[in-house]
Amino acid sequence: MANNRILFRKLLCFMYLCTWECRAFMAPLSSTGNMVRQGSTKIHSSGNAFDISKPTFDLYTLRNIRGDALVRYNSLNQSEPLRINLYLLLTLSSFSYSAVCEAVVGEPATLTGTALSTLVGIFGVYRFVRECGRRSSKLNRMEKELNAQGLTIRLPTNQFADRPYESNAVNLGSVLRSNRRVLAICGTSSQLREALLDVQILRRRLKQASVIIVAVPTDGSSASDWEDGGLELRSVLAETHNTKEWVDYFQSLGSNESVENDSQLSWFGLTYSGKSFGSGSGRPPRLLEMLGQTLLPVEPLDEDDDNESYSSAKDEVTKKAIIAAQKQFYDALTNGDDLGMTEVFKTSTNAPEVDEVLENGGRIDTWNKCLEEGARPAGMKISGSDVHLVSDTEGYSTVIEFPADTDSTLLAVQRWGRKNTVDDWKIDLHQTIPWSPASKAGGTLRCDCRGCTALTRGPDRRWNFRGMID
């Protein structure tokens with residue numbers, strides 16, 4: 001009996017200590033005289049500086065964790081440590097039922113009570129392990145985000161500067177704190193060339209969304225090997241300062257995802273706050289959908305925005321032809337001109353992007369139905385057109401749409417094609433998505449010569465925005 005009483009007192013002491021630790025987790029993380037800055041590796045207290053990122057051993061995950069990751073975790077998840085401690089107390093109390101009965105009541109525990117306490121203890125163990133696993137996953141993500149902020153780049157200069165990049169390197173943390181988002185893409189020369197095609201097409205929209213693109217070559221190639229945009233990419237494309245450091249970071253992301261081929265393309269993106277808005281591997285990021293859901297414009301779009309200026313006289317002739325064909329398309333769309341719409345799509349073939357929706361059970365509305373009164377966007381205005389030429393027979397254009405009687409705006413992208421340089425430009429694909437500072441897109445519209453099909457927002461795991469960092 002005496003031994004049981006001693007055991008019971010020890011258990012009470014342990015429960016008191018755990019309760020005190022719960023309070024510590026719930027206490028404020030900063031006070032007067034302390035300053036913690038997100039994304040920084042230094043914390044200042046009473047005039048003394050020390051490294052807040054220094055690893056600290058975490059009892060719940062049984063590994064070393066960056067100190068600033070723990071600070072961020074505790075500030076954003078104040079109830080989770082409390083739940084972990086409560087499940088731990090529940091487990092210990094349940095499995096100590098027999099000893100507690102003898103020490104407090106003075107009678108042995110009944111079989112029914114022992115069985116019930118064992119079941120409750122097993123439940124407590126399950127919930128404790130689950131909460132610790134969630135804690136570990138969140139800390140792992142935060143560590144990766146904070147590690148990324150230490151990577152360095154050279155920011156782009158304006159297109160009239162003598163040098164394409166600034167001479168001084170800056171880390172991603174300072175870039176994010178200047179209200180810019182970052183999208184980094186890593187791969188071989190051919191993979192970067194493919195991935196940067198969408199960047200060139202949407203370069204103006206990325207700039208409006210305050211996005212910096214970082215291309216990380218894994219094969220020792222340089223920008224001249226995979227950059228076709230010339231001056232077009234200057235406004236959004238940054239240069240890595242230490243490419244090896246970047247490649248090592250991407251490899252550390254892939255190691256947790258069982259990547260079959262280390263040379264496959266991978267990417268991640270960070271918001272202003274340093275949090276990941278997406279990551280993935282194997283395929284380039286789908287920039288148009290990403291713009292509609294995450295990379296929203298930082299300022300309201302203007303109906304009076306001018307079309308993009310032309311970089312050369314040769315480009316001017318071709319791009320003006322595409323802009324004229326774009327105007328013809330919108331005139332037919334807003335006025336319900338079925339014959340004019342047929343003319344714009346006259347020589348086009350079925351777009352694979354529309355076929356993809358139809359093969360997955362989507363429905364297409366023909367142009368006759370789309371152009372009916374009440375269905376067509378009558379009175380819609382457009383502004384800020386720009387064009388990117390892939391070749392003499394392929395090009396892309398983007399434009400901002402302003403539907404009548406509404407404050408919403410949409411981003412539209414058209415793919416153009418022609419058989420030779422003397423033919424007129426025809427649309428292969430028209431895609432539009434809601435794009436405004438105040439709201440995220442709930443879906444997108446894809447159209448070709450057959451008509452239009454709607455693709456609503458859903459949990460598509462094939463391009464999961466949290467595939468590698470989370």
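Strand β8 (residues 181-187) and strand β9 (residues 211-217) run parallel and are joined by 7 bridges. Welcome to this structure, which is a predicted model: local features need pLDDT of at least 70, side-chain atom pairs count only at pLDDT 80 or more, and totals for chains, interfaces and linings use all residues. Residues are numbered from 1 along each chain as its sequence is written, and side-chain values use heavy atoms, with hydrogens and water left out.

**The chain as a whole**

- The secondary structure of the protein chain comes to 15 helices and 19 strands; helices (H or I, at least four residues) and strands (E, at least two) are DSSP runs, numbered from the N terminus.
- The protein chain has 470 residues, and 43% of them count as buried (under 20% relative accessible area, with exposed over 50% and partly exposed in between; 1.4 Å probe, protein chains only).
- Among contacts with a separation of 6 or more in the protein chain, 67% link residues 24 or more positions apart; a contact means heavy atoms within 4.5 Å.
- About 24100 Å² of the protein chain is exposed, and carbon and sulfur atoms supply 52% of that area (Shrake-Rupley method with a 1.4 Å probe; for residues, only the protein chains shown count as cover).

**The sheet around β8 and β9**

- An open sheet of 7 strands, with mixed pairing, follows the order β7-β6-β10-β9-β8-β11-β12; two strands pair if DSSP finds at least two bridges between them.
- At the edges of this sheet are β7 (170-171) and β12 (276-281), each of which pairs on one side only.
- To see one bridge between β8 and β9, look at V182, whose partner in β9 is I212.
- In general, strands of a sheet pair through backbone hydrogen bonds, either parallel or antiparallel.

**The cysteines**

- The structure holds 1 disulfide, a term for a pair of cysteine sulfur atoms within 2.5 Å.
- This disulfide joins C447 to C452, with an S to S distance of 2.0 Å.
- The link of C447 and C452 is right-handed, with 105 degrees about the S-S bond.
- C447 is buried at a relative accessible area of 1%, and C452 also counts as buried, at 8%.
- The cysteine sulfur closest to that of C370 lies in C452, but the 4.3 Å between them is too far for a bond.
- C370 is buried, with a relative accessible area of 16%.
- C186 counts as buried too, at 4% relative accessibility.
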